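Here is a short report on one protein chain. Keep the sequence and the 3D view open as you read.

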Amino acid sequence: MKFSAAVSLLFVASASAFAPASVGRSATQIAAGSNQNPFGNAKSLEYTGGDDPNNSNYGRLKEKLNEADIERRKIQEEAERRERAAEIRREERLAKIAYMNDMPDSQPAGTVDEFMFKEGVQDQLDKLDHDLVGLTAVKQRVKEIAALLVLDKMRRKLGFETSVPSLHMSFTGAPGTGKTTVAVRMGQILAKMGYARRGHVVLATRDDLVGQYVGHTAPKTKEMIKKAMGGVLLVDEAYYLYNAANDRDYGQESIEILLNVMENNQDDLVVAVAGYKDRMDKFFSYIPGMMSRIGNHIDFPNYTADELVQIAAVMSRDLEYDIDDAAYDTFKNYIEERMKLPYFSNARTVRNAMDRARMNSAIRTFEKYAIDGVNGGVCTVEDLKNISAEDFQIILDDILDSDTSKRIFA
């Protein structure tokens with residue numbers, strides 16, 4: 001009993017020793033100021049703004065949370081949009097299947113001739129026959145491509161599945177064989193059939209596509225591609241883009257850009273590469289990706305002497321000149337002799353010869369009427385349109401009578 005009483009007294013004394021000296025004073029201090037810390041002079045744990053340099057972190061955290069919430073909503077909306085688009089495609093597909101199942105086999109699709117004339121394709125093919133002499137195989141190939149486009153459009157009219165055919169082309173042949181002319185006609189045919197927005201042709205060479213220093217090639221190539229979008233990009237002498245002797249040649253970068261565009265933008269751009277056949281074959285061996293992306297290879301043979309004479313007749317017709325019957329034999333002799341010399345360029349050589357014959361005709365007419373005063377200086381319409389054998393004989397004599405070392409310049 002005594003022991004229990006002693007323990008009780010000991011606990012009471014201990015409690016008194018650790019009790020606050022004056023509870024009333026502490027309460028008075030707390031009431032005196034709401035910002036005062038009852039635990040001493042240390043800073044309060046309550047955030048009051050203050051001058052802490054980390055205060056801005058609180059605002060940034062809130063902004064990040066808001067941005068994350070916005071981004072989450074965007075992702076959700078995009079997923080819903082894709083799901084709606086997929087559902088629309090499924091419905092269209094089912095409707096198309098039902099339409100195809102219900103369509104009788106006798107459903108009229110229109111005649112081929114109707115599409116050929118209505119879309120203007122036949123007009124372009126007629127112009128090709130009108131402008132180009134010979135080149136039967138080339139014209140046949142162009143007609144085959146046109147037939148594919150016409151039938152493809154007829155299929156689309158009925159609702160059949162269609163895809164854009166590979167229209168990239170390779171034109172091989174000597175200079176002056178009509179490669180550019182065919183490219184222009186193909187561009188117009190593609191535009192008429194809806195496979196090209198504009199149908200224009202942009203001619204490019206290595207100088208137009210390849211830069212002279214690092215970072216220069218890509219902008220030049222992309223600029224030419226931008227100009228050709230909606231039409232045909234014709235790269236003449238394309239083998240000069242690749243230099244097998246120099247691994248650091250900038251032409252490789254241009255080729256890679258062209259390959260990427262040919263693959264990803266074939267519905268809005270047709271790339272045609274042109275050049276000599278042997279060099280183009282070697283170029284394709286170095287760049288197999290280019291070969292595999294081109295679906296139409298057209299070879300342009302050299303013209304015969306008779307065909308070149310016909311080309312001269314076409315040129316005179318377009319320029320409204322009349323060539324004497326006897327002059328054709330003289331011109332053919334010139335062509336046969338010129339074909340034996342270097343740098344012969346088929347139709348381009350004919351064009352140069354026609355320009356010289358026109359100049360000779362002008363000189364002859366001027367001397368006759370202006371200098372000699374024949375008929376009082378009054379010439380006729382026939383005189384202004386005439387090209388005689390004499391006019392061609394002059395350029396033939398330049399070849400036959402000149403020195404061997406100078407004959408190629410005649």
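## A first look at one ring

Is phenylalanine 331 buried or exposed? Phenylalanine 331 is buried, because its relative accessible area is 1% and the cut-off for buried is under 20%. Keep in mind that this is a predicted model.

Phenylalanine 331 shares helix H14 (residues 325-338) with tyrosine 334. The two sit three residues apart, about one turn of the helix. Tyrosine 334 is buried as well, at 5% relative accessibility.

## The whole chain

Now step back. The protein chain has 410 residues, and buried residues make up 34% of them. Its secondary structure comes to 17 helices and seven strands.

The accessible surface of the chain is about 25,700 Å². Carbon and sulfur atoms account for 53% of that surface. Contacts in the chain often span long stretches of sequence. Take those between residues at least 6 apart in sequence: 77% of them join residues at least 24 apart.

## Aromatic pairs

How many aromatic pairs does a search of the whole structure find? The search finds six. A pair of aromatic rings is described by two things: the distance of the centres and the angle of the planes.

Start with tyrosine 239 and tyrosine 240. Their ring centres are 5.1 Å apart, and their planes meet at 65 degrees. Edge-to-face applies to planes over 60 degrees apart, so this pair is edge-to-face. The two residues differ in exposure. Tyrosine 239 is buried, with a relative accessible area of 9%, whereas tyrosine 240 is partly exposed at 42%.

Return to phenylalanine 331 and tyrosine 334. Their ring centres lie 6.2 Å apart, with planes at 35 degrees, so this pair is tilted. Ring pairs also bring in Phe392: together with Phe331 and Tyr334 it forms a cluster.

## The largest pocket

The largest pocket holds about 460 Å³ of space. Its lining has 20 residues. Those nearest its centre are Gly176, Gly178, Thr181, Met315 and Ala347.

Which elements give two or more residues to this lining? They are helix H7 (179-192), S3, helix H13 (305-318) and H15. H13 gives the most, with four residues. By type, the lining divides into nine nonpolar, five polar and six charged residues.

## Two loop residues with positive phi

Most residues other than glycine have a negative phi. Two residues here are worth finding for that reason.

Glutamate 237 has a phi near 50 degrees, a positive value. This residue lies in the loop between strand S3 (232-236) and helix H10 (251-264). Glutamate 237 is partly exposed, because its relative accessibility is 31%. Asparagine 375 also has a positive phi, about 55 degrees, although it is not a glycine. Its loop runs between helix H15 (347-371) and helix H16 (381-385). Asparagine 375 counts as exposed, at 56% relative accessibility.

## A buried methionine

Where is methionine 280 found? Look in helix H11 (residues 277-286). Methionine 280 counts as buried, because its relative accessibility is 0%.

Leaving out residues up to four places away in sequence, methionine 280 touches Ser170, Thr172, Ala238, Tyr239, Val273, Ala274 and Gly275. Tyr239 in that list is the buried tyrosine from the edge-to-face pair. The C-alpha atoms of methionine 280 and glutamate 237 are 8.1 Å apart. Along the chain, 43 residues separate the two.

## A lysine and a glutamate

Lysine 139 belongs to helix H6 (residues 136-158). What does its accessibility say? Lysine 139 counts as buried, because the value is 12% and the cut-off is under 20%. Beyond residues up to four places away in sequence, lysine 139 touches Leu128, Asp129, Leu132, Val133 and Gly134.

Glutamate 382 lies in helix H16. This residue is exposed, with a relative accessible area of 64%. Its C-alpha atom is separated by 8.3 Å from that of aspartate 322. The two residues are 60 apart along the chain.

Notes:
Residues numbered from 1 in each chain as written. Predicted model: local features only at pLDDT ≥ 70, side-chain atom pairs only at ≥ 80, totals over all residues. Heavy atoms only, no water. Buried < 20%, exposed > 50% of the residue type's maximum accessible area, 1.4 Å probe, protein only. Contact = heavy atoms within 4.5 Å. Areas by Shrake-Rupley, 256 points an atom, 1.4 Å probe, with all protein chains shown as cover. Phe/Tyr/Trp six-rings, centres within 6.5 Å; stacked < 30°, edge-to-face > 60°. 1 Å grid on protein atoms, 1.4 Å probe; cavity = no way out; pocket = protein on both sides within 12 Å on 5 of 7 lines; lining within 4 Å. Points joined across faces, edges and corners; volume = space filled by probe spheres on them. Nonpolar A, V, L, I, M, F, W, Y, C, P; charged D, E, K, R; others polar.
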